[in-house]
Amino acid sequence: MVNVESLNRKYSTPLSLLEQQKICSTLRRINDRKLLSELASRGIKLTDVGRDSPPIRVLLGADILGSILTGRIEILSSGVSAVETLLGWTILGLGKKKEVVNLVTLSLQNIYVPKMWDLEVLGITDPTEKINESLLEEETLTHFKETIRTCEDQRYEVALPWLAGHPALYDKYDAAESRLRTATKRLINENYFEAYNNVFKQWEAEGIIEAVPINQLAKEVHYLPHRPVIKPSSNTTKVRPVFDASFKKPGFASLNECLSVFPSLIHKILPLLLRFRSGSIGVIADVKQAFLQIRLRTEDRDVLRFLWWENTGCSEIRIYRHCRVVFGVFSSPFLLNATISYHLEREKFQT
C-alpha cells in the first residue's frame, strides 16, 4: 500500500499496487512549444515536460481513473485533449500527425473490467448459471411487480431490488464526510460552490431529495459519498453531483453489491437495432431526467442518504436522503426499464 499525492499536496489517496520490474514501454515527455504555449494560455501547467523518455514508475488503470477525473476537458487546436485529474493535468489523444502525444486511456462507466472478457457479455453462459440467473430475474421482476405502486400525483413509486441474504452494509458516514470536505474545497477554489449548492436546493424544492428529520438521525443507515463533475463548456449544467454507490470498506459490501441488476438487457440490443432498421422512418424519444421521475418507497430512502451543508458558511453538516431513483446505483437502469414496461402494459390494457 502506497500513498499517491499530487504535487500541490491538495489531494492524496492510498493505493494498493502490484510490483513489476518493467511496467510498459516508455513514453516521450511533452516538448512541443506550441502545445505548451496553448496550454499556458488556458491556465494549464504540465510538469511532465522535456525531451527524454524516462521509465514508467506507476501505471494507474481504469479502476482508478473514474475516481480522480474532475470532469474538466480542454480540446486543443492540435486535436489532442487536456484532461484534468485530481493528480494534475494529462494529455491524451492523437495529434494532427496521427501520433500518440502522451497516452491513451479507456474510461468505462459502471463496469467491472474483467467482465469485458466474460462470455455472458456475449450471451454465452453455462447452463447451470443460466438457470440461476433466470431464477434471479424472475424473483427480481416478481418483487418489482409486487412493490410498484402509483402515488396520488400519478408518479410511480418503486422499491430497491435487494439481493436475498446480501452481505453487511457499512454506513460510510466517515467516508461521506471526508469526500464532502474534499469536494467543498475544490468547489470553493474553482468558484462552483454556489452552483453546486443550487442543484441541491432545486432538488429539495422539487421533492427529489429531502432533509432527514432530527428524530430519525440515529437510525441505522447508509451514506453515499458524492463529488462534483464540472463541465465549463456545458450550456446547461456546468456542475452536477455524482454519487458513488460502489465505494466499500474492507470487510463490508458496497450498496451496489447488495442490489440485483437483473434482468440484463444487453442481449436485447442487437434485435432492437435490427428492428429499427426494418422500417422507413425511425422514431426515438427521451424522458427528461428519467431516473428522477420515479419515486423510491420510504423504507429504502435511508440507505441513500448523503451529506451537504446547512448553510453556505459550511459550518454545519446537514443530512439529506434521496426520494427518487439515483443515477450511479447499479439497479437504477433496471428500475427505469421495468417501470416504463409496466406503464406501457397498463396503458395498453386501459385503452
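**View 1. An aromatic cluster built from Phe, Tyr and Trp side chains.** In this predicted model, one aromatic cluster brings together Phe193, Tyr196, Phe200, Trp203, Phe243, Phe306, Trp308 and Tyr320. If you enjoy spotting rings, there is plenty to look for, as the whole structure holds 15 aromatic pairs.

**View 2. An edge-to-face pair, Phe200 and Trp203.** Let us zoom in on two members of the cluster. The ring centres of Phe200 and Trp203 lie 5.9 Å apart and their planes meet at 80 degrees, so this pair counts as edge-to-face. Both residues belong to helix H5, which spans residues 193–205, and they sit 3 residues apart, about one turn of the helix. Phe200 is buried, with a relative accessible area of 3%. Trp203 is buried too, at 14%.

**View 3. Strand S12, covered on both faces.** Here we meet the strand made of residues 305–309, where 5 of 5 residues are buried. On one side you will find Arg305, Leu307 and Trp309, and on the other Phe306 and Trp308. Phe306 and Trp308 also take part in the aromatic cluster of the opening view.

**View 4. S12 beside its partner strand, S13.** Strand S13 covers residues 317–322 and pairs with S12 in the antiparallel sense, over 5 bridges. Follow Trp308 across to S13 and you reach its bridge partner, Arg318.

**View 5. A charge over a ring, Arg318 and Tyr320.** Staying with Arg318, look at its charged end, which sits over the ring of Tyr320, 5.8 Å from the ring centre. Tyr320 leads us back to where we began, since this residue is one of the members of the aromatic cluster.

Technical notes. Residues are numbered from 1 along each chain as its sequence is written. This is a predicted model: local features need pLDDT of at least 70, side-chain atom pairs count only at pLDDT 80 or more; totals for chains, interfaces and linings use all residues. Side-chain values use heavy atoms; hydrogens and water are left out. Buried means under 20% relative accessible area, exposed over 50%, partly exposed in between (1.4 Å probe, protein chains only). Helices (H or I, at least four residues) and strands (E, at least two) are DSSP runs, numbered from the N terminus. Two strands pair if DSSP finds at least two bridges between them. Rings of Phe, Tyr and Trp (its six-membered ring) pair if their centres lie within 6.5 Å; planes under 30 degrees apart count as stacked, over 60 as edge-to-face and the rest as tilted. A charge sits over a ring if NZ of Lys or CZ of Arg is within 6 Å of the ring centre and within 35 degrees of the ring normal.
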